[in-house]
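Here is a short briefing on a structure. Look at the picture first, then work through the points below.

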There are 2 protein chains.
Amino acid sequence: MEPGIDHTLRGGWTLGEHALPPHALRWLRGRIGLAEHPTPVAPDSVLTVPEPELSTVGRAALESVVGAEHVLLDRNSRLGRSGGMSYVDLLRHRGCGELAVPDAVVLPGDPDEVVAVLKACGEHDIGVIPFGGGTSVVGGVTALRGGKHAVIVLDLARLNRLVSIDPLSRLVVLQAGVRATDAERMLAAHGFTLGHFPQSFERATIGGFAATRSAGQASAGYGRFEDMVDGVRLATPVGELNLGVAPATAAGPDLKQLVIGSEGAFGVITEVTLRMRPVATHTRYEGYFLDGWDAATAAVRDLAQHRVLADVTRLSDTEETEVQLSLTGGVKAGAVKAYLRARRIADPCLLILGWEAGSAGELAVRRAGTLRALRQHKAVRLGKPIGETWRHGRFAGPRQRDSLLNVGVCVETLETATHWSQLSTLRTAVRGALQRSLGRAVVMCHVSHAYETGASLYFTVLAARADEDPIGQWQRAKRAASEAIAPLGTITHHHAVGTDHAPYLAGEVGSLGIDVMTSVKRALDPTGVLNPGKLLPAADRG
Amino acid sequence: MEPGIDHTLRGGWTLGEHALPPHALRWLRGRIGLAEHPTPVAPDSVLTVPEPELSTVGRAALESVVGAEHVLLDRNSRLGRSGGMSYVDLLRHRGCGELAVPDAVVLPGDPDEVVAVLKACGEHDIGVIPFGGGTSVVGGVTALRGGKHAVIVLDLARLNRLVSIDPLSRLVVLQAGVRATDAERMLAAHGFTLGHFPQSFERATIGGFAATRSAGQASAGYGRFEDMVDGVRLATPVGELNLGVAPATAAGPDLKQLVIGSEGAFGVITEVTLRMRPVATHTRYEGYFLDGWDAATAAVRDLAQHRVLADVTRLSDTEETEVQLSLTGGVKAGAVKAYLRARRIADPCLLILGWEAGSAGELAVRRAGTLRALRQHKAVRLGKPIGETWRHGRFAGPRQRDSLLNVGVCVETLETATHWSQLSTLRTAVRGALQRSLGRAVVMCHVSHAYETGASLYFTVLAARADEDPIGQWQRAKRAASEAIAPLGTITHHHAVGTDHAPYLAGEVGSLGIDVMTSVKRALDPTGVLNPGKLLPAADRG
């Protein structure tokens, strides 16, 4: 098997069992009231996988492009690319509701083959789901047909090369199927890093980051993914778009920013030119307590507006802080409570700050700048252990979710962003909407991306899974949250649109914004084969 | 007369006479060989201004939207908005070649009136030239007809209000016709600045900055204009596009970046939401010499890649350095030569660094960071006077150009950007192309915008104006420069596309990139009335 192809999804981030510790289970029973009979991962055999519907002529056309060995029709290959990583996706893989299974998985070997596959799909009425790490949590890779006779997953796993590197300009060209972990390994050999570390880091790909406007945990230091993209190569059914010749340009509208975030609806990203930074040789992560959400966000705002944010800046609200302290076990709860009492902190909000630098001197200068601005906000220093605990577990969220699913917890995240003057109003609105919908739920929130003009809000929800219609339980809660978000902030700060946020997109960009995107889609995808049902569902019919 | 409406152009940036000092004239005669009989500004009466062709019904429709008093048909109003500020524009206003004079000047009073004017133009076959400060140097506001029966200049001078301000989020909403100078005055009342100071600062408008992807002299500190834009309101013949609800979003492609740089071809920008910064209370400008272009650009690259650029970072090549020292008279030439000899600097490249900070401490910390990175590059300190001289004259370029035109100099600028690894190759190619085309010319170059992955190159050309066909003389040189640029860098870093760079746009974004923009234009401007001949000349016919 070729390298990197076997990253199939089956019901969770990992299939290993990660049992929750007894104290966490006790805490969950007390807070959300867990069901008596938790539902474990369903056996593979209970899942319905229909026979592939791909026409003989369509299959022959695809095989003539990529070779028969790269058109997979077996049950496991198709099942392993049936949807992404949302809570609802995982439930479906556990036997709730119905899976959308692609008719075939096609693995092109280079950018030209991607163009040829798309042309063949256009000619043979086949929908195409571009697929990288499969980590979408918004239905971005669900194998919807969009009225086509068949739908394939176009898996970019074979586009896994570093194409070229220019150390002087600090630029690298990576193929879209390169996984983030492999990208970091390839770049480290030259002394560089991208600095892009979203929670999906262990599985996600370069193309997926670009297609979804990903933002990593160190976005304050390294920028959002779109800030790193210097060029992009997009395969479409009508040819190739190749953008990016300079670090900045005034040569008309920035078409690169039209490709970034296009979620496979305009084409398939095959190569991305990215800005690199030297690998950090000196790092420091530490924790602080601030008292109360408004004081805490004022502190982060001050850091952002003074442009002295740490590379990682992550502020939890009191709920999330309490849960972290209760569940991680990294700090003893009793000791912490005494500590807080002694410092008269009523509503502790945990702030994690992390710096990544090229020398001890640079780290010291930058940290001093951050702490100078923090001083007036009465932050209480917690030291390095809690910072290191966060850092150690920074990619653990998806694994923890598997464990929670196993014991019957409804667990999901959602996110938004808005300007500073709206931030508290937005948080209150979303919390209220989720709690009204889910009843006895824990709703936690953190700021993980701060800007001069505003910040993101990231919510994590824990509730007891409903015995009846657990998918409907979450979809109602998600709808309530989205309707609370729409008038106050963006419908998504870094999870992208996919199927789940598509109903709210017109509210954000207006009907004329939808018309603009539809006109672009028609120019690049005239028969509407690309990623049906995502971003612009109404434009699918070509 | 309403405020801000009388900013008409007539043959130069200023109509006052700014005589060149005798030593400058002597230097020019020696270096480029000036014509014996310089051509001064032509009298107004030699210019041909055709009668307006606007149909009666078209005029009535426009008057019904904005009121008869805001539809101007007089000779002076039309002549004053006939083209922009390129060398060729100025020559035309001095009696060389033919002016494109609009049939009327229309002054809408608010964003809704702009939409209504555009609808009326669509219905009555009238081309529309959106017009702010009229400072385009690439033909961006030339009153071309594009096959329409008439063409109007849509002057945004009455859209001159601050709509709202959110100090907590550091955001301001400005109408598009607000001039940069007025914007700074309005914001200063609240303690804020945009920090956007291009050479066109004294005349240009907020809408123009957005429409052309402007970059200011302090772009290293404050960002390019597109980096400041949080939201934008675009009037089109089919309605309004209103974008920007959060500091960052993953809600599909960034349509804002499609509006920014659209140069009036997709619509008319009526409002811009902008990030503000506190007014700098502590500033420091100073000069350094570096020896030779390659060593000097390596120093600037190091500052950019260490992210310790001064807010203003401007590096002149040896030619520009010599001309600056010869012409400004700010430093005595003989003393400088002795100084350079003593320090063994063979090819002096002048580096201007300027910091703008909120406190003495901040300034000291940031300056120390810059100087630390500069240390290994053997920069020779020149102190503050030369920095202050540059700062004092930072907007004088256009005025100096007027003076040079008066004495018969062919004087123009052009610019590009590329990645660091290509920068010297690109400079050599453009210099060579200009010198081959113009013969005995002075070609100067500077870097005024540096990025981690590359930098801009800004060329200033001085040559003796040809007696025969001076417009053709420059157009041939410009074509040679553009053909040298195209394979190595962007066709424009911050001057935009207009008419002049339009032939090279397909080379930069590909024919599919043109198709994408054309599809957007057809969606927003179905009858093709918007800014004919600019950006996408082939898409004019609707």
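By what turn and what shift along the axis can chain A be laid on chain B? The turn is 180 degrees and the shift is 0.0 Å, and the RMSD of the fit is 0.0 Å. That is the relation of a two-fold axis. Keep in mind that this is a predicted model.

**The two copies and their axis**

- In general, two copies of a chain are related by a rotation about an axis and a shift along it.
- Here, the residue of chain A that comes closest to the rotation axis is Ser519(A), with its C-alpha at 2.8 Å.
- Both copies use the same surface: 99% of the contact residues of chain A recur in chain B.

**The contact between the chains**

- How many residues does each chain bring to the contact? Chain A brings 74 residues, and chain B brings 74 residues.
- The size of an interface is often given as the accessible area lost when the parts come together.
- For chain A and chain B, the buried area is about 5,700 Å². Carbon and sulfur atoms account for 63% of that area.
- On the side of chain A, the most area is lost to chain B by Ala250(A), Pro253(A) and Leu512(A). Together these residues make up 11% of what that side buries.
- Between the two chains there are 36 residue pairs in polar contact, both residues being at pLDDT 80 or more.
- Several elements of chain A supply at least two residues each to the side that touches chain B, among them β8 (229-236), α11 (293-305), β16 (409-419) and α19 (502-524).
- Which element gives the most? It is α19(A), with 12 residues.
- The residues on this side of chain A divide into 33 nonpolar, 25 polar and 16 charged.

**Salt bridges across the interface**

- The interface of chain A and chain B holds 4 salt bridges.
- One of the pairs between the chains joins Glu452(B) to Arg275(A), at 3.5 Å from N to O.
- Glu452(A) meets Arg277(B) in a salt bridge, at 2.5 Å from N to O.
- This pair crosses from one chain to the other. Glu452(A) sits in the loop between β17 (442-447) and β18 of chain A. Arg277(B) sits in strand β11 (residues 277-278) of chain B.
- Both Glu452(A) and Arg277(B) are buried.

**Salt bridges within a chain**

- Over all chains, the count of salt bridges comes to 46.
- Arg427(A) pairs with Asp317(A) in a salt bridge, with the closest N and O atoms 3.2 Å apart.
- Arg427(A) lies in helix α17 (residues 423-438) of chain A, and Asp317(A) lies in the loop between β13 (312-316) and α12 (318-328), so the pair ties together parts that are 110 residues apart in sequence.
- Are these two partners buried or exposed? Arg427(A) is buried, at a relative accessible area of 11%. Asp317(A) is buried too, at 0%.
- In chain B, Asp311(B) forms a salt bridge with Arg366(B), the closest N and O atoms being 2.8 Å apart.
- Asp311(B) is in the loop between α11 (293-305) and β13 (312-316) of chain B, and Arg366(B) is in helix α14 (residues 360-375), so this pair ties together parts that are 55 residues apart in sequence.
- Asp311(B) is buried, with a relative accessible area of 2%. Arg366(B) counts as partly exposed, at 23%.
- One network of salt bridges that share partners joins Asp112(A), Arg233(A), Glu240(A) and Glu271(A).

**A buried histidine: His501(B)**

- Where is His501(B)? The residue is in the loop between α18 (470-485) and α19 (502-524) of chain B.
- His501(B) counts as buried because its relative accessibility is 2%, under the 20% cut-off.
- The side chain of His501(B) reaches the backbone oxygen of Ala496(B) at 2.8 Å.
- Beyond residues up to four places away in sequence, His501(B) touches several others, including Val138(B), Glu415(B) and Lys478(B).

**A buried cysteine: Cys410(A)**

- Cys410(A) is part of strand β16 of chain A.
- Cys410(A) is buried, at 0% relative accessibility.
- Cys410(A) and Val461(A) are 51 residues apart along the chain, and their C-alpha atoms are separated by 7.6 Å.
- Leaving aside neighbours within four places in sequence, the contacts of Cys410(A) include Tyr87(A), Val461(A), Gln473(A) and Trp474(A).

How values were computed: Residues numbered from 1 in each chain as written. Chains lettered and ligands numbered in written order. Predicted model: local features only at pLDDT ≥ 70, side-chain atom pairs only at ≥ 80, totals over all residues. Heavy atoms only, no water. Contact = heavy atoms within 4.5 Å. Buried area = accessible area lost by both parts, 1.4 Å probe. Salt bridge = Lys/Arg side-chain N within 4 Å of Asp/Glu carboxyl O. Polar contact = N/O pair within 3.5 Å; in protein donor to acceptor, adjacent residues only side chain to side chain. Helix = DSSP H or I, 4+ residues; strand = E, 2+ residues; numbered from the N terminus. Nonpolar A, V, L, I, M, F, W, Y, C, P; charged D, E, K, R; others polar. Least-squares fit on C-alpha atoms with pLDDT ≥ 70 in both. Buried < 20%, exposed > 50% of the residue type's maximum accessible area, 1.4 Å probe, protein only.
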